[in-house]
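Visitor: I have a structure to go through and some short questions about it. Can we take it step by step?

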Amino acid sequence: RHAMSVLDRATKAVQPKDQYLMFVHYAKKAEQFFGVTRTRDIYQKAIQVLPNAQVKDMCLRFAEMERKLGEIDRARAIFVYASQMCDPKIVVTFWKEWHAFEVAHGNEDTYKDMLRVKRTVLAQFSQANYMAAEMLTETPHVLSDAEAMKLEADKQARIEGRRGGGAASAAGRQEINEVARSAANIIRQNDAAPSKRSISEVSGGASNGAENDSSGLGAMERFKRSKASE
């Protein structure tokens, strides 16, 4: 019993790289002194402490121990637990062991369950590998000083162009509005004047020459001439 206590403390005191071997030694001594069933607690503790890369090997030992005891369901549950950390494309030995276990101790339903778990785990690892590859390939482009200065200059030019275009368009709209107001005033003045003239006004205007008479012109024509004279 004292030796077991020492081995238990040793699993915590050794370096992480030596923990796996220490747990294996601990389990062998427990089986030798107290029987196979005593090793369950040791295996369960090892699975919780060890990194994922070593959990697979420890689970295979644990499942084999349960199989020897005739605990087939316990062994199968251990395979299901360990499968989450075993990529079928990389950790081929684990899936071969589970396949052989189901062929020897399972049935059609348990074999199909194993295949379904394998497909699910494969899809999860494929998605994780795809995302990791995307992160590695998406390296940001760092601009040089010249590129940064060129981008800033282009930005300023676009800003100035928008300002100039806005001022020109505003001036154009103002000029159009002024012309429209002037034309409207002339038209209103023409509409307010008498529409008929006396015969003497017509004859007097005719003697001055048709080329100098602007009273008979339309409102828009008079507006154009007034603008031309300015």
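Visitor: What pattern does the protein chain follow, read along the sequence?
Guide: This is a predicted model. Read along the sequence, the pattern of the protein chain is α-α-α-α-α-α-α-α-α-α. The chain has 10 helices and zero strands.

Visitor: What share of the residues in the protein chain is buried?
Guide: Of the 230 residues in the chain, 23% are buried.

Visitor: Which residues have the most contacts inside the largest nonpolar core?
Guide: Those are Leu50, Met58, Phe94 and Trp98, in a core of 33 residues. Helices that give two or more residues to this core are H1 (2-13), H2 (19-34), H3 (39-49), H4 (52-68), H5 (72-83), H6 (92-105) and H7 (108-137).

Visitor: Which helix gives the largest share of this core?
Guide: H2 does, with seven residues.

Visitor: Back to methionine 58. What is it in contact with, leaving aside its neighbours within four places in sequence?
Guide: Methionine 58 is in contact with Tyr20, Phe23, Val24, Tyr43, Ala46, Ile47 and Leu50.

Visitor: How do the axes of H2 and H3 cross?
Guide: The axes of H2 and H3 cross at roughly 170 degrees and come within 9 Å. Angles over 145 degrees count as roughly antiparallel, so H2 is roughly antiparallel to H3.

Visitor: Which residues meet there?
Guide: From H2 there are Gln19, Phe23, Tyr26, Ala27, Ala30 and Glu31. They meet Thr39, Ile42, Tyr43, Lys45, Ala46 and Val49 in H3. The residues of this contact divide into eight nonpolar, two polar and two charged.

Visitor: New topic. How many salt bridges are there in the whole structure?
Guide: A search of the whole structure finds 10. One of the salt bridges is between the side chains of aspartate 8 and lysine 45, at 2.7 Å from N to O.

Visitor: Which parts does that pair tie together?
Guide: Aspartate 8 is in helix H1 and lysine 45 is in helix H3, so the pair ties together parts that are 37 residues apart in sequence.

Visitor: Is lysine 45 exposed, partly exposed or buried?
Guide: Lysine 45 is partly exposed, because its relative accessible area is 25% and the partly exposed range runs between 20% and 50%.

Visitor: What about aspartate 18, which residue does its side chain meet in a salt bridge?
Guide: The side chain of aspartate 18 meets that of lysine 17, at 3.5 Å from N to O. Aspartate 18 counts as partly exposed, at 31% relative accessibility, whereas lysine 17 is exposed, with a relative accessible area of 64%.

Visitor: And which residue does aspartate 73 form a salt bridge with?
Guide: Its partner is arginine 76, and the closest N and O atoms are 3.4 Å apart. The two are three residues apart in helix H5, so about one helical turn separates them.

Visitor: Are those two buried or exposed?
Guide: Aspartate 73 is exposed, with a relative accessible area of 60%. Arginine 76 is buried, with a relative accessible area of 15%.

Visitor: Which residues are joined into one network there?
Guide: Asp73, Arg76 and Glu102 are joined into one network by salt bridges that share partners.

Visitor: Last one. Of the contacts between residues at least 6 apart in sequence, what share joins residues at least 24 apart?
Guide: In the protein chain, that share is 48%.

Methods. Residues are numbered from 1 along each chain as its sequence is written. This is a predicted model: local features need pLDDT of at least 70, side-chain atom pairs count only at pLDDT 80 or more; totals for chains, interfaces and linings use all residues. Side-chain values use heavy atoms; hydrogens and water are left out. A nonpolar core is a set of buried Ala, Val, Leu, Ile, Met, Phe, Trp, Tyr and Cys residues joined through side-chain atoms within 4.5 Å. Buried means under 20% relative accessible area, exposed over 50%, partly exposed in between (1.4 Å probe, protein chains only). Helices (H or I, at least four residues) and strands (E, at least two) are DSSP runs, numbered from the N terminus. Contact means heavy atoms within 4.5 Å. A salt bridge is a side-chain nitrogen of Lys or Arg within 4 Å of a carboxyl oxygen of Asp or Glu. Axes are lines fitted to C-alpha atoms, for helices over the stretch in contact, and angles run from 0 to 180 degrees between N-to-C directions. Angles under 35 degrees count as roughly parallel, over 145 as roughly antiparallel, 65 to 115 as roughly perpendicular and the rest as oblique. Ala, Val, Leu, Ile, Met, Phe, Trp, Tyr, Cys and Pro count as nonpolar, Asp, Glu, Lys and Arg as charged, and the others, Gly among them, as polar.
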